[in-house]
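Student: I have a structure open and no idea where to start. Can we go through it bit by bit?

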Amino acid sequence: MKHIPRTLGGLACAGALGLALGGCGKQAGEQAGNEVAADAAQASYVAPGEKDDYYLFYSGGHSGQVYVAGIPSMRHISTIPVFAPYPGTGYGFDEESKAMLGDFTWGDVHHPALSQTGSKYDGRWLFVNDNANNRVARVDLRDFKTKQILGPIPNASGSHASSFVTENTEYLFVSTRFSTPLPKGRVADLEKYADEFNGMVTAVEVDPESGEMKVGFQILMPPFDFDLASTGKGPSSGYVFFTSYNTEMAHDTLEVNASQADRDLGAIINWKAAAQAVRDGKATEMEGVPVLDPAKVPGIVHLIGIAKSPHGMDVDPSGKWVVAGGKLQPTTTVINVEKLLGAIEGEDYEGDFRGIPIVSHDSVVEGEVPVGLGPLHTQYDGRGNAYTSLFIDSAVAKWKLPPWTDEEKADLSKVVVDKITVHYSIGHLVVAGSDTNAPYGKWLVAMNKLSKGRHISVGPSQPESSQLIDISGEKMKMVAEAYTEPEPHFAQILKVDEIKPIEVYPKAENTNPNAVWDLADGKVEREGNHVTAKIVAVRSRFGPDKVEARVGDTVTLHVTNIEQTPDMIHGFGINDHNINIVVDPGETKSVEFVAQKPGIYPFYCTNFCSALHQEMQGYLVIREA
Ligand code: CUK
Ligand code: CUA
């Protein structure tokens, strides 16, 4: 990369003024470019030893994980394994995390959601969905670890529209993207899709103290392929908004058949009314879950026409505007919440779908903003601006939210104030704090889907890229580009000083009955054909460092890392056994297996911990039965 000291370059040109005009002009252009590059480099530069200002939590798509990067450096700083094993932290190898993963070793994470209190991030939890297996998970931000996986959620297929939290994290809303015959397991003719298939919206209840999730209730939905959602706040408090992309109810060649109608239908769900209806006994049980049928319980679901084949549906920080992006229409539909609630109240309908009222489009839509081609998702800076990702244009459009002047209303292209090209083909974008009522507003990250040729070549599987854009000024400024793990969808940005993660698990909190804290207490015991070892791990030994068993024995190992020093992690890997647990300071982890083959199998610490790390080893001795 070329690097010109900025002030010197400026002086050189000023001095040459009027002398070598042509040369100076060229130099000036080049120099301006260099200045932009230098500014950008400085804006994202985090010097060695310095730290970032924000966390970027981004979903890893079908890698099943969540990744953490720092902003503005965009450095990848952590992987939080959620739906797939991750040997780096031993996730999916010890008994507890194995049990959480259950039968699955992958997931498809699309939308992370930080927990909120009063429509602000409260720094407690991060929720994510698994579109592939209808699950949702909770990551604790105290230690950045996955604490619960809920699911597969009954009566659901493809939890794409999740996780979206309500303003005080009362519920996570989860909608199935795919409709199927219900109850699940029932087989119906695909030709009868429109009559036999259904979608489902699930309200997952979150315990306010522990964060423990459970399926609360469900709402039966038309088979429209409900895609994305966003929860209300302020005037839209108590509502959740969904888009759908298959109002045509096509069951094959969706590419063509689900793109016929001029408009698709979004859904507006009054979740407070729905929760009340469940309490009033208006739900019917299906697979143990109370299910509401909106055709029979009026006032819970309303539909509304929105731009063709919509994708995202995003509520602004004030809660007054809901914006739907129409993938196949170069506009976003801006819904006026006040008018919407008025129309619902006054039953200003333009029809219904099987008993679910369709709110009059023209009464509640404030306008359709011509943002550009392929609008997907919209984010907000809290200063009255919206930012929409344009997949086909491969750009971000910045535009002004209402209220609009009469002149603007007459030509809404006037409210589109800036555009910036991204490389290439952006999917999601995230503005720091956009889904709260007080966005931080400084940074926008564009997560690009097809980042063709943005990195040095590593073969046919081209690395993804994300770009950091400064949105603090009038014009958006491209600042940095970074590799992001596959495959990023949505993300959340949290200010670093809003959380204080722990550095060790305090000994006093370890209630594991199998923990041992003194080398003298480490032991191996046999009961019948069950061998149990309680092992201490401390720099730089395992105590005991010999475990004896016979072929056919069940062997249970409980390893406690008794360190209380930050970053003193010990691993425990056994040769030839596919066992690799990693124990953080103050933690106890367990693993169980059946001794299969006689032999002497070394075990060793996998995590470099001291100058004598290499010596931190022992033997598993398996004798003939
Ligand atoms: S989806 Cu990926 S670009 Cu799953 Cu949120 Cu829109
Ligand atoms: Cu303990 Cu390396």
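Student: Let's start with Phe-144. Is it buried, exposed or partly exposed?

Tutor: Phe-144 counts as partly exposed, because it has 19 C-beta neighbours inside 10 Å. Keep in mind that this is a predicted model. A residue needs 20 or more such neighbours to count as buried.

Student: Where is Phe-144 in the chain?

Tutor: Phe-144 sits in the loop between strand 6 (135–140) and strand 7 (145–150).

Student: And what is Phe-144 in contact with, leaving aside its neighbours within four places in sequence?

Tutor: With those set aside, the contacts of Phe-144 are Ser-78, Ile-80, Val-139 and Pro-501. Thr-79 is 65 residues away from Phe-144 along the chain, and their C-alpha atoms are separated by 9.2 Å.

Student: Different topic: Gly-88. Where is its place?

Tutor: Gly-88 belongs to the loop between strand 3 (76–81) and helix 3 (95–101). Gly-88 is partly exposed, since 14 other C-beta atoms lie within 10 Å.

Student: How far apart are Gly-88 and Gly-199 in space?

Tutor: They are 38 Å apart, C-alpha to C-alpha, and 111 residues apart in sequence.

Student: Now the whole chain. How many helices and strands does the protein chain have?

Tutor: The protein chain has 9 helices and 43 strands. Of its 625 residues, 47% count as buried.

Student: What radius of gyration does the protein chain have, and what would a compact globule have?

Tutor: The chain has 28 Å, and a compact globule with 625 residues would be near 25 Å, so the two agree. Along the principal axes, the C-alpha atoms fill a box of roughly 85 × 85 × 45 Å.

Student: What share of the contacts with a separation of 6 or more is between residues 24 or more positions apart?

Tutor: Such residues account for 60% of those contacts in the protein chain.

Student: There is a ligand too. What surrounds ligand 1?

Tutor: Around ligand 1 are His-110, His-111, His-160, Leu-228, His-311, Leu-376, His-377, Gly-427, His-428, His-489 and Phe-490. Strand 25 (375–380) and strand 29 (426–431) are the elements that give two or more residues to that shell.

Student: How many of the shell residues are nonpolar, polar or charged?

Tutor: The shell around ligand 1 has 3 nonpolar residues, 8 polar ones and no charged ones.

Student: What does strand 29 pair with, then?

Tutor: Strand 29 runs antiparallel to strand 30, and 4 bridges join them. Across that pairing, Leu-429 stands opposite Ala-446 in strand 30.

Student: Why is strand 30 called largely enclosed?

Tutor: Strand 30 (residues 443–448) is largely enclosed by the rest of the structure because 6 of its 6 residues are buried.

Student: Which residues of strand 30 point which way?

Tutor: Trp-443, Val-445 and Met-447 point one way, while Leu-444, Ala-446 and Asn-448 point the other way, and all are buried. In a regular strand, side chains alternate between the two faces of the sheet.

Student: And how does strand 30 pair with strand 31?

Tutor: Strand 31 (residues 464–470) pairs with strand 30 in the antiparallel sense, over 6 bridges. There, Val-445 has Leu-468 as its bridge partner in strand 31.

Student: What about strand 38? In which sense does it pair with strand 35, parallel or antiparallel?

Tutor: Strand 38 pairs with strand 35 (residues 530–538) in the parallel sense, over 8 bridges. With strand 41 (residues 588–594), strand 38 pairs in the antiparallel sense, over 7 bridges. Strand 38 (residues 554–561) is largely enclosed by the rest of the structure, because 6 of its 8 residues are buried.

Student: Helix 6 next. Which of its residues are buried?

Tutor: The buried residues of helix 6 (residues 271–279) are Trp-271, Ala-274 and Ala-277. Seen down the helix axis, they fall within an arc of 115°, so they line one face of helix 6. Among the elements that cover them are strand 9 (171–175) and strand 11 (197–206).

Student: Last thing: which peptide bonds are cis?

Tutor: One joins Pro-486 and Glu-487, with omega about -15°. Another runs from Gly-543 to Pro-544, with omega near 0°.

Student: Where does Pro-544 lie?

Tutor: Pro-544 is in the loop between strand 36 (541–543) and strand 37 (546–550).

Notes: Residues numbered from 1 in each chain as written. Chains lettered and ligands numbered in written order. Predicted model: local features only at pLDDT ≥ 70, side-chain atom pairs only at ≥ 80, totals over all residues. Near = placed C-beta within 6 Å. Helix = DSSP H or I, 4+ residues; strand = E, 2+ residues; numbered from the N terminus. Nonpolar A, V, L, I, M, F, W, Y, C, P; charged D, E, K, R; others polar. Buried ≥ 20, exposed ≤ 12 C-beta atoms within 10 Å, placed from the backbone. Pairing = 2+ DSSP bridges. Contact = placed C-beta atoms within 7 Å. Arc of directions from axis to C-beta. Rg over C-alpha atoms; globule rule 2.2 N^0.38 Å.
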